[in-house]
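Got the viewer open? Let's walk through this one selection at a time.

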Amino acid sequence: MTEIDVSEEQQGVLQKRSKSKTEISRKRRELKRNVEGWLFSCWPFVGFMLFSGIPFVLSIFLSFTELHSFDILEWEFVGFDNYKWVLFGEQTEHGMRYEFWHSLKQTLYYCLSIPLNLVLSLGIAVLLTRHVKGTKFFRTVLFIPHVCSSVGVSMMWKFIFDPTYGVINSLIRSAGGQTIDFFGSPDWFMPIIILTSTWSAGAGSLLFQAALENVNQTLIEAAELDGGTPTKIFFKITLPSISPTLFYVLTMDIIGGLQCMGQMQIITNGTRNPYNEQGYSESLSAVYLIYWMGFSDPFNYGLGLSSAAAWVLTLIILAFTRLNFWLSKYWVHDDV
Amino acid sequence: MSKKKMTTPQNGVEGQKKQTVKAKIVIYALLIFYSLYVLVPFWIIFASGLKNISEAAEPVFTWWPKEGVTWLAYKRVFEDGSLFLGFKNTLSFSLPPLFIGMFSSAMAAYGFSKMQWRGRDSLFQFLLLTMMLPGCVTMTASRLLYDTIGWIGTPYPLMIPGMFGGISAVFFLRQYMKGIPNELIEAAKIDGMGQFGILTTIIIPLSAPALFTQLILGFLGAYNNYMGPLLYLIDEDMYTLQIALRTLVSVYRYDVPRQMAASFVAMMPMLIIYFFAQKYILKGISMSSGLKG
């Protein structure tokens with residue numbers, strides 16, 4: 001009896017022990033799984049935190065300081081002065097100057113290229129999804145601009161529009177016209193930049209091509225049987241079907257377009273030419289101004305102004321993105 | 001009208017056929033026009049590189065060098081060596097972070113697609129959100145950060161951040177790895193293989209096409225990167241190809257054929273890669289967008 005009792009007791013203890021053992025090992029395994037998961041997947045997050053997160057916080061701090069060199073110890077707290085300069089301009093001998101707002105105006109001017117290229121890209125995508133012979137060849141050629149560097153391409157356009165030896169001016173002169181200094185004239189600078197942006201419209205059409213291939217063909221056939229004209233079918237069926245793609249491309253284009261700078265910086269050779277009659281630079285987009293204030297001329301402007309302008313621009317970009325999302329309720333159809 | 005159509009269906013069919021021929025002509029005309037728009041500028045810079053200096057600077061543009069074809073401009077570009085040094089710098093600054101970064105991305109993508117752990121989905125959501133952060137806001141401050149930690153004057157700002165893996169690459173690879181059957185991973189686990197072993201011996205070999213796509217897209221980005229080197233590089237002997245090209249163009253302002261030859265030569269390597277790896281580039285871009293391609 002006693003022996004059995006003991007063994008029962010022992011069994012109970014053993015059972016308890018093994019139960020807690022499995023409990024512990026289960027918890028341990030779970031912990032191991034969680035640790036392993038984080039160890040595998042945290043690296044992009046760590047990279048983001050170090051090289052974007054820290055500068056992100058640093059730029060908030062900078063926007064409230066005056067700093068004219070890349071020596072962080074020379075900072076001086078100035079409160080909202082930088083934001084005041086950005087938002088309400090600066091009093092000069094010749095009246096108020098609103099450099100940031102002018103640069104934003106130029107940026108928005110440049111953004112006219114977005115709807116233009118959207119329509120062109122869509123048009124090219126329609127042509128490339130008609131499956132005529134040679135479509136593959138045309139697709140290859142039209143995508144070339146995407147793999148070309150902005151420096152090479154800008155050099156190309158600069159040469160083509162050059163006032164003395166450029167092709168365009170050569171043609172204008174042979175037609176009896178006057179030489180136009182396209183990139184040196186405040187009236188021509190932005191229009192030509194926008195015009196040259198259409199060169200890469202074929203590359204932008206790639207996503208539309210994929211979307212067009214996925215449009216439900218039975219819907220279109222049914223509409224054709226009902227006597228719908230091609231135009232009507234395009235606007236009533238095709239366009240709503242690809243509206244999610246349109247929305248995605250538009251969103252990315254707006255975020256990218258509002259941050260344009262490289263092309264202007266290359267074509268002007270790192271200067272702010274040309275200037276208009278009010279003495280504002282026609283080539284200075286908002287991001288170029290941010291770059292200019294922090295990198296090209298930190299002595300007269302400084303990192304503080306640069307960061308404050310960057311924050312105002314960021315809020316404007318977010319506002320545009322929000323607006324775009326809000327408007328999408330009315331024209332983006334996920335259900336087609 | 002409609003009656004006529006109804007009574008002569010054959011005519012209707014023929015009419016449609018004619019229209020498609022007409023439509024085809026319009027399609028070809030437009031496609032050829034746009035292709036010429038893309039290609040002619042290349043011809044202009046290529047041909048200008050074949051001219052001698054005085055002819056290239058003439059006010060009347062010629063589509064073919066009238067004073068004879070000369071390869072001297074191209075020779076000057078290659079003898080000068082700055083473009084070649086730039087190319088070498090571009091390769092040595094971009095390839096190590098590309099491969100290391102690709103490994104980090106693959107590792108993260110494996111974690112996000114095949115491992116179960118707490119916080120996985122929220123971390124992924126957060127990473128996707130960071131892609132919306134406008135780069136301009138950190139531009140000035142990151143230069144200050146790199147200056148403070150002594151990285152200015154070194155290529156580290158162009159190299160180290162990429163080694164942690166790219167978010168769009170993670171997104172792309174995750175999508176791809178989701179298609180790898182779980183049974184393979186379970187079987188390996190039963191054989192006593194650890195997660196790291198599974199990653200290196202099963203997942204990475206199986207994801208080779210996706211990794212290759214991302215490598216090419218990454219190289220395309222690094223090769224054409226202009227803003228990064230512009231913001232962080234100072235010493236001329238560290239200039240990447242794009243910065244070297246820009247410098248060359250402003251130094252030899254009066255040597256037009258040389259500028260054009262240099263622009264043409266600098267664009268060539270990527271174009272060659274594009275023609276060979278076109279399939280991967282096109283597919284990669286239409287899939288990276290997060291839309292079904």
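Start where the two chains meet: in this predicted model, 82 residues of chain B are in contact with 75 residues of chain A. Pick out helix 2 of chain B, residues 9-49, next; with 14 residues, this helix gives the most to the side of chain B that touches chain A. Now colour that side of chain B by class, and you get 52 nonpolar, 22 polar and eight charged residues.

Hide chain B and turn to chain A alone. In cartoon view, chain A shows 17 helices and four strands. How spread out is chain A? Its radius of gyration is 30 Å, well over the 20 Å that the globule rule gives for 336 residues, so chain A is more spread out than a compact globule. Line the view up with the principal axes and the C-alpha atoms of chain A fill a box of roughly 125 × 75 × 35 Å. Of the 336 residues in chain A, 36% are buried.

Next, split chain A by its domain assignment: select 2-91 for domain 1 and 99-331 for domain 2. Put a marker at the centre of each, over C-alpha atoms, and the two markers sit 39 Å apart.

Where do the domains touch? Here, 14 residues of domain 1 of chain A are in contact with 13 residues of domain 2 of chain A. On the domain 1 side, select helix 2 (43-62), strand 1 (65-66) and helix 3 (81-88) of chain A, each of which supplies at least two residues. Helix 3 of chain A has the largest share there, five residues. Coloured by class, this side of domain 1 divides into seven nonpolar, six polar and one charged.

Technical notes. Residues numbered from 1 in each chain as written. Chains lettered and ligands numbered in written order. Predicted model: local features only at pLDDT ≥ 70, side-chain atom pairs only at ≥ 80, totals over all residues. Contact = placed C-beta atoms within 7 Å. Nonpolar A, V, L, I, M, F, W, Y, C, P; charged D, E, K, R; others polar. Rg over C-alpha atoms; globule rule 2.2 N^0.38 Å. Buried ≥ 20, exposed ≤ 12 C-beta atoms within 10 Å, placed from the backbone. Domains from an automatic or database assignment.
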